[in-house]
Amino acid sequence: MAGVFYFCIMKDFLIVGLGLAGISFSETLRAHNKSFTVISDQSFNSSVIAGGMYNPVVLKRYSEVWKAQEQLNAAMPLYTAIQKRLKVEFLNPMPVYRKFASIEEQNNWFIAADKPKMAPFLSTKLIKIQVPSIYAPYGYGEVLHSGYLDTKLLTEVYAAELLSQANLQQEHFDYNALQVQNDAVVYKGESYKNIVFADGFGLHANPYFNNLPLDGTKGELLIIKAPDLQINFILKSSIFIMPIGNDLYKVGATYNWTDKTDAITEEGKQELLTELKQLITCNFEVVHHFAGVRPTVRDRRPLVGQHYEHKNLFVLNGLGTRGVMFGPFLAQALYQFIYEGAELEKEININRIYKKLDIRIQHKNA
């Protein structure tokens with residue numbers, strides 16, 4: 001009887017984490033016909049409880065988000081492709097209305113809107129709509145190309161698809177079970193050409209990348225029911241109020257730089273309620289309160305790149321508060337770095353950290 005031979009095809013990637021970073025990189029690999037497996041237990045997935053707003057403007061200073069147009073150019077096609085394939089709508093284009101507190105704020109807005117880099121994102125029309133529950137004598141400024149992503153729905157349907165294709169393992173990643181070789185990584189007996197860590201705040205437990213300055217910022221949010229509010233835009237003032245359907249609104253968010261847990265707090269709730277009551281006058285009830293730790297970085301730039309010693313280990317992290325826009329853009333940049341030899345922008349490349357730490361950098365082609 002002839003012998004039977006079994007061939008195990010090595011997959012291109014093992015991806016750790018299925019938040020916005022992990023989903024974005026998985027989808028980028030799918031678009032290029034690369035094979036992959038994802039491992040995630042959702043333990044540090046801030047994407048599931050995120051506000052989900054995408055907005056190309058820093059509204060505190062009326063300035064452009066870094067490479068905002070490039071981020072939108074990467075993000076919108078990626079999310080649209082997932083929606084079309086899975087027949088689920090989680091992408092919700094919606095204007096952001098910045099409530100003005102004074103004539104000075106109005107003037108600053110229009111000065112910013114006249115700048116070439118800001119013109120595509122800031123409307124020059126003063127919005128003077130009357131909302132009975134909101135006192136806004138100075139009106140609003142409208143942010144263009146904005147909206148929100150239902151990150152929880154996206155994560156659920158994407159995970160379900162990966163499970164149906166046997167491309168997702170829902171378990172805690174065991175670093176002790178990882179063997180890093182010259183031309184592959186082996187995890188629990190399975191070999192992969194590369195591994196990408198997109199593990200959010202869980203990076204702190206990662207022995208290969210825990211020297212990167214991922215800080216983490218806790219955020220708390222509320223979901224309220226307010227039948228009389230009746231707005232169809234995202235209201236931005238000291239906090240944001242985002243309509244999510246059925247008279248429900250997401251309200252956020254707090255910023256806590258010391259507490260690194262995902263436990264809700266009465267302090268965080270009261271902070272949001274105080275701001276909310278100063279912004280709207282209608283009755284409402286709190287129906288949900290949740291919290292998570294955003295993967296923020298001290299220099300406010302993401303962490304993307306290749307390990308200084310192991311050429312098949314990569315990181316995609318530090319998306320911070322703008323993961324909806326950042327995720328696809330960074331995933332595309334990392335893919336092009338790995339397969340096309342493109343240079344990573346210095347602002348996102350982890351080599352900027354390694355240089356500060358005086359760590360010898362071993363380039364992938366060395």
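This is a short talk on the sheet, the helices, the nonpolar cores and the salt bridges of one chain.

Before anything else: this is a predicted model. Keep that in mind throughout.

Let's start with the sheet. It is an open sheet of seven strands. The order is 8-7-15-16-17-14-18, and the pairing is mixed. Which strands stand at the edges? Strand 8, residues 140–143, and strand 18, residues 285–294. Each has a single partner strand, so one side of each is left without a neighbour in the sheet. On average, neighbouring strands here are turned by 25 degrees against each other, direction ignored.

Now look inside the sheet. Strand 14 and strand 17 pair in the antiparallel sense, over five bridges. Leu 221 stands opposite Gly 252 of strand 17. Then there is helix 5, which packs on the sheet. Helix 5 touches strands 7, 14, 15, 16, 17 and 18. The direction of helix 5 makes about 50 degrees with that of strand 14.

Stay with strand 14 for a moment. Lys 218 sits in that strand, and Asp 259 lies in the loop between strand 17 and helix 5. Their side chains meet in a salt bridge, 2.7 Å from N to O. The two residues are 41 apart in the chain. Is Lys 218 buried or exposed? Lys 218 is buried, at 1% relative accessible area. Asp 259 counts as partly exposed, at 23%.

Next, helix 6. It runs from residue 323 to residue 340, which makes 18 residues. From first C-alpha to last it reaches 24 Å, close to the 26 Å expected. How many of its residues are buried? The count is 14 of the 18, so helix 6 is largely enclosed by the rest of the structure. Just after the helix comes Gly 341, with a positive phi of about 70 degrees.

That takes us to the core. In soluble globular proteins, nonpolar side chains tend to be buried together. The largest nonpolar core here has 72 residues. Phe 25, Tyr 79, Leu 316 and Leu 334 touch the most other members. Helix 6 gives the most to this core, with 11 residues.

Take Leu 316 as an example. Set aside its neighbours within four places in sequence. Its contacts then include Ala 21, Phe 25, Val 196, Leu 303, Leu 330 and Leu 334. Apart from this core lies another, of 26 residues. Among its members are Tyr 192, Phe 209, Val 297 and Val 315.

Back to charges. The whole structure has 13 salt bridges. One of them joins Lys 193 and Asp 12, at 3.2 Å from N to O. This pair links distant parts of the chain. Lys 193 is in strand 13, Asp 12 is in strand 1, and they are 181 residues apart. Lys 193 is partly exposed, at 39%. Asp 12 is buried, at 10%.

Compare that with a local pair. Glu 27 forms a salt bridge with Arg 30, the closest N and O atoms being 3.3 Å apart. Why are these two separated by about one helical turn? Because they are three residues apart in helix 1, residues 20–31. Glu 27 is buried, at 6%, while Arg 30 is partly exposed, at 21%.

One last point on that pair. Glu 27 and Arg 30 belong to a network of salt bridges that also links Arg 85 and Glu 161.

Technical notes: Residues numbered from 1 in each chain as written. Predicted model: local features only at pLDDT ≥ 70, side-chain atom pairs only at ≥ 80, totals over all residues. Heavy atoms only, no water. Salt bridge = Lys/Arg side-chain N within 4 Å of Asp/Glu carboxyl O. Helix = DSSP H or I, 4+ residues; strand = E, 2+ residues; numbered from the N terminus. Buried < 20%, exposed > 50% of the residue type's maximum accessible area, 1.4 Å probe, protein only. Expected span 1.5 Å × (residues − 1). Core = buried A, V, L, I, M, F, W, Y, C linked by side-chain atoms within 4.5 Å. Contact = heavy atoms within 4.5 Å. Pairing = 2+ DSSP bridges. Axes fitted to C-alpha atoms, helices over the stretch in contact; angles between N-to-C directions.
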